[in-house]
Structures are given as structure tokens and as C-alpha cells.
Amino acid sequence: MSWYWQSDLRTGGDASWTSYAKKESKKIEDAFKKKAKTVEVSGGKYIVDFKNMIQYRKDDDQLQRPVKRVEDDSESDSEERIKGPKTKRHKPMVIKAKTFARSGTFNNNAAITEVIESLGGFTSPTVTKTVDYLICPADEEPEGVKVTSAKKYRIPIMFLPADFRKTKTSKDDFKEAMKPENMQFEE
């Protein structure tokens with residue numbers, strides 16, 4: 001078995017996964033087989049959480065990356081070799097301490113800002129390389145200076161309904177929009 005961590009959250013696909021060193025991978029696999037909940041790696045700097053299939057920094061659990069377990073080709077001829085998440089990365093990306101910019105026309109910018117801030121995120125009026133996500137209306141073709149800048153800086157574009165409103169479920173709706181399968185990633 002081999003273990004991988006997602007090294008580039010913005011690109012997705014198999015190229016975005018980096019294998020742990022053989023010694024680390026064996027340590028993770030041994031802990032996994034013993035049904036441990038977590039295991040420390042990289043000299044204790046990171047913790048692998050088996051329940052959520054993520055790696056996070058020991059000193060800041062908000063800095064997370066998905067991990068996956070892959071059966072080596074020599075161990076099985078099965079088509080289904082992935083033992084962890086592949087296209088379904090993990091629970092939605094962390095919003096806390098992330099910066100969001102908006103492009104396009106929304107009926108309620110205040111609701112979007114309020115949801116982002118209530119989840120610990122920040123908003124920016126412009127798109128710079130410090131922005132983590134660009135939010136565009138789902139019913140408009142993404143275009144304009146902000147979209148061009150997002151593509152330049154390889155910032156993921158997420159889509160929300162133009163009539164997004166603050167409701168009891170708006171936090172969940174926002175988190176759903178942050179799932180990688182609901183975003184547009186530009187090359």
C-alpha cells in the first residue's frame with residue numbers, strides 16, 4: 001500500500017497527489033491497519049486523520065490536505081485500487097482564513113459577505129495573488145478583469161446562485177459550492 005497527500009489543491013487530478021516517502025507511508029499504513037484514529041508524520045509536524053482522510057499541521061489544524069491510500073499495482077489487478085477518496089476529495093475545503101473576491105452581479109452581496117465572515121473567511125474587492133477563491137454568479141459566463149486575474153493566478157472559481165440569500169441553510173449551500181466538483185479550475 002502507498003499513501004499520498006494532495007500537494008496542489010487548485011489543479012486536482014492525479015498529478016496533484018504526492019506520495020509520502022516509503023518509510024512514512026509504511027508508518028501510516030501500520031497505524032491504519034491497527035485502526036488508529038491518527039498518526040504523526042514528518043517528525044511530528046503533521047497528523048494524518050484516518051476518519052476524514054486528511055493531513056493537517058499539528059500547530060494549526062485549519063491547514064489541511066486530503067490524503068488517500070492506494071493499493072500498489074503488484075498487490076492487485078483490480079480496477080478499483082483506491083481505498084480512500086479520489087475524485088470526492090474530502091469534506092469541503094476550509095473557509096476559515098480564506099479570502100474571497102466576487103465578480104459579476106449578485107442580488108445580495110451583503111448575504112455572501114455575511115456568510116463568508118461567519119465561517120471565518122475574508123472578502124476582497126479585488127483579485128490579487130492573495131485571494132483564495134473568486135465567486136461568480138452561476139447563471140453568468142465568467143468574464144472580466146477579475147476572472148482574467150483569477151486565471152492568471154490560478155485561483156479557483158466557485159459559482160453561487162445570483163439570488164443567493166442568507167437563510168438557515170446558506171452556510172451549507174456555500175460549503176457545497178466549495179466542493180471541488182462544483183468549481184471551475186483554469187489551467
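**Exercise 1. Helix H1 against the sheet**

Task: Determine which strands H1 lies across, and at what angle it runs to E3.

Solution. In this predicted model, H1 lies across E1, E3, E4 and E6. Its direction makes an angle of about 165° with that of E3.

The next step is to list the buried residues of the helix. Glu 24, Ser 25, Ile 28, Glu 29 and Ala 31 are buried in H1. They fall on the same side of H1, because the arc they cover around the axis is only 165°. The cover over the buried residues of H1 includes strand E1 (2-6), strand E3 (38-41), strand E4 (46-49) and strand E6 (60-70).

On the face of H1 turned away from this buried side are the exposed residues Lys 22, Lys 23, Lys 26 and Lys 33.

**Exercise 2. Length of H1**

Task: Check whether the distance between the end C-alpha atoms of H1 agrees or disagrees with the span expected at 1.5 Å a residue.

Solution. Helix H1 takes in residues 22-33, twelve residues. The expected span is 1.5 Å times one less than the number of residues, so for H1 it should be 16 Å. The end C-alpha atoms of H1 are 16 Å apart, and this agrees with the expectation. After the helix comes Lys 35, which has a positive phi, near 60°.

**Exercise 3. Order of the strands**

Task: Work out the order of the six strands in the open sheet, and which of them stand at the edges.

Solution. Begin with the pairings of E1. E1 is joined to E6 by four bridges, and the two run antiparallel. Within this pair, Tyr 4 has Lys 68 of E6 as its bridge partner. E1 also pairs with strand E2 (residues 17-19), in the antiparallel sense, over three bridges. Here Trp 5 has Thr 18 of E2 as its bridge partner.

The full order is E2-E1-E6-E5-E4-E3, six strands in an open sheet with antiparallel pairing. The edge strands are E2 and E3: each has a single partner strand, so one side of each has no neighbour in the sheet. From one strand to the next, the twist averages 35°.

**Exercise 4. Thr 99 and Pro 156**

Task: Decide whether Thr 99 is buried or exposed, decide whether Pro 156 is buried or exposed, and place each in the secondary structure.

Solution. Thr 99 belongs to strand E7 (residues 99-102). Its relative accessible area is 16%; since buried means under 20%, Thr 99 is buried. Neighbours within four places in sequence aside, its contacts are Phe 122, Thr 123, Ser 124, Thr 130, Val 131, Asp 132 and Tyr 133.

Pro 156 is in the loop that lies between helix H3 (145-152) and strand E10 (157-160). With a relative accessible area of 3%, Pro 156 is buried. Asp 132, one of the contacts of Thr 99, is 24 residues from Pro 156 along the chain, and their C-alpha atoms are separated by 7.3 Å.

**Exercise 5. The whole chain**

Task: State how many helices and strands the protein has, and what share of its residues counts as buried.

Solution. The secondary structure comprises four helices and eleven strands. The protein has 187 residues, of which 42% count as buried. The accessible surface comes to about 10,900 Å², and carbon and sulfur atoms account for 47% of that area. Turning to contacts between residues at least 6 apart in sequence, 53% join residues at least 24 apart.

Notes
Residues are numbered from 1 along each chain as its sequence is written. This is a predicted model: local features need pLDDT of at least 70, side-chain atom pairs count only at pLDDT 80 or more; totals for chains, interfaces and linings use all residues. Side-chain values use heavy atoms; hydrogens and water are left out. Buried means under 20% relative accessible area, exposed over 50%, partly exposed in between (1.4 Å probe, protein chains only). The arc is that of the directions from the helix axis to the C-beta atoms. Contact means heavy atoms within 4.5 Å. Two strands pair if DSSP finds at least two bridges between them. Axes are lines fitted to C-alpha atoms, for helices over the stretch in contact, and angles run from 0 to 180 degrees between N-to-C directions. Accessible areas come from the Shrake-Rupley method with a 1.4 Å probe; for residues, only the protein chains shown count as cover.
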